[in-house]
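User: I'm new to this one and would like to know what the labels rest on. Can you take me through it?

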Amino acid sequence: MTQTNFPKSVSTSKGEYKLRVPKAGDARGVLAFAKALPPHDLLYLRRDISQPPVVDAWLVATQEGESLSLLAEHDGELVGMSALMLDRKSWSPHVGEIRVLIAETARGKGLGRVMVQETFALAVSNGIEKIIAQMTLDQDGARAVFEELGFQQEALLKDHVRDRNGEDHDIIIMSCNVATATSLMGVHR
């Protein structure tokens, strides 16, 4: 698995960000980032990244190539993270799952779109054929970004996640065939 184009700077209409690959010493910063997010933002993740053992496991997965991950910084502060989760030992080694989180202070500035696009490009360059994304039903902005890339809703899982207050929430699963999307966008593998 390759992530050779990083670190790099990216610009949006509202700011400049540095994208880089996580390193072993990032656990503390990732934990602080996750704990500052509204708890609702974490519901679509399979694990609670505000817990130290979960962040440690994610960093190991990144080091071992099970996750192609990026961190976004603005003025030295962690403001976004994305991951392309892979499972090469499963029945679906051709499928990757994109996960993106953006700090509240960086929302509405185009960073989420950039991180989805960069993570999508990682999937393309690593031979992934199908990409999925999960989110809670109320995340309209995230849905719009994924739809622009050719993702379509495949499933609605009713009452699939339970928040810390015991309230259940629906999850949608969107997917994209990489070959179809890249041909529509003029991207080459």
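User: How many helices and strands does the protein chain have, and what makes a stretch count as one?

Analyst: The protein chain has five helices and eight strands. Helices (H or I, at least four residues) and strands (E, at least two) are DSSP runs, numbered from the N terminus. Going along the sequence, the order is β-β-α-α-β-β-β-α-β-α-β-β-α. Before we go on, this is a predicted model, where local features need pLDDT of at least 70, side-chain atom pairs count only at pLDDT 80 or more, and totals for chains, interfaces and linings use all residues. Residues are numbered from 1 along each chain as its sequence is written, and side-chain values use heavy atoms, with hydrogens and water left out.

User: Why is the protein chain called as compact as a globular protein of that length?

Analyst: Set the value against the rule. The radius of gyration is taken over C-alpha atoms, and the globule rule is 2.2 Å times the number of residues to the power 0.38. For 189 residues the rule gives 16 Å, and the protein chain's radius of gyration is 16 Å, close to that, so the chain is as compact as a globular protein of that length. Along the principal axes, its C-alpha atoms fill a box of roughly 40 × 40 × 35 Å.

User: What is the pLDDT of the protein chain on average, and which elements have the lowest and highest means?

Analyst: pLDDT is the predictor's confidence in each residue, from 0 to 100. The protein chain averages 90, and 95% of the residues score at least 70. Among the elements, helix α5 (residues 178-185) has the lowest mean, 74, while strand β2 (residues 15-20) has the highest, 95. Where pLDDT is low, the predicted coordinates should not be read in detail.

User: Why is D75 called exposed, and what is D159 called?

Analyst: The cut-offs are these: buried means under 20% relative accessible area, exposed over 50%, partly exposed in between (1.4 Å probe, protein chains only). D75 has 73% relative accessibility, so D75 counts as exposed. D159, at 48%, counts as partly exposed. By that yardstick, 48% of the 189 residues of the protein chain count as buried.

User: What makes the phi values of D75 and D159 worth a look?

Analyst: Most residues other than glycine have a negative phi, and most peptide bonds are trans. D75 has a phi near 55°, a positive value in a residue other than glycine. D75 sits in the loop between β3 (67-74) and β4 (77-86). D159 also isn't a glycine, and has a positive phi of about 50°. D159 belongs to strand β7 (residues 152-162).

User: Which peptide bond is cis, and where is P7?

Analyst: The bond from F6 to P7 is cis, with omega near 10°. P7 is in the segment before β1 (8-12).

User: Why is K14 called exposed, and which residues is K14 in contact with?

Analyst: K14 has 55% relative accessibility, so K14 counts as exposed. K14 lies in the loop between β1 and β2. Contact means heavy atoms within 4.5 Å. Leaving aside neighbours within four places in sequence, K14 is in contact with G108 and K109. K14 and L111 are 97 residues apart in sequence, with their C-alpha atoms 8.9 Å apart.

User: Why is S9 called exposed, and what is E66 called?

Analyst: S9 comes in at 52% relative accessibility, so S9 counts as exposed. S9 lies in strand β1, and leaving aside neighbours within four places in sequence, S9 is in contact with E16, Y17 and K18. E66 has 36% relative accessibility and counts as partly exposed. E66 is in the loop between α2 (52-63) and β3. Leaving aside neighbours within four places in sequence, E66 is in contact with A61, L84, M85 and L86.

User: How far apart in space are E66 and S11, and how far apart are S9 and E73?

Analyst: E66 and S11 are 55 residues apart along the chain, and their C-alpha atoms are separated by 28 Å. S9 and E73 are 64 residues apart along the chain, with 9.5 Å between their C-alpha atoms.
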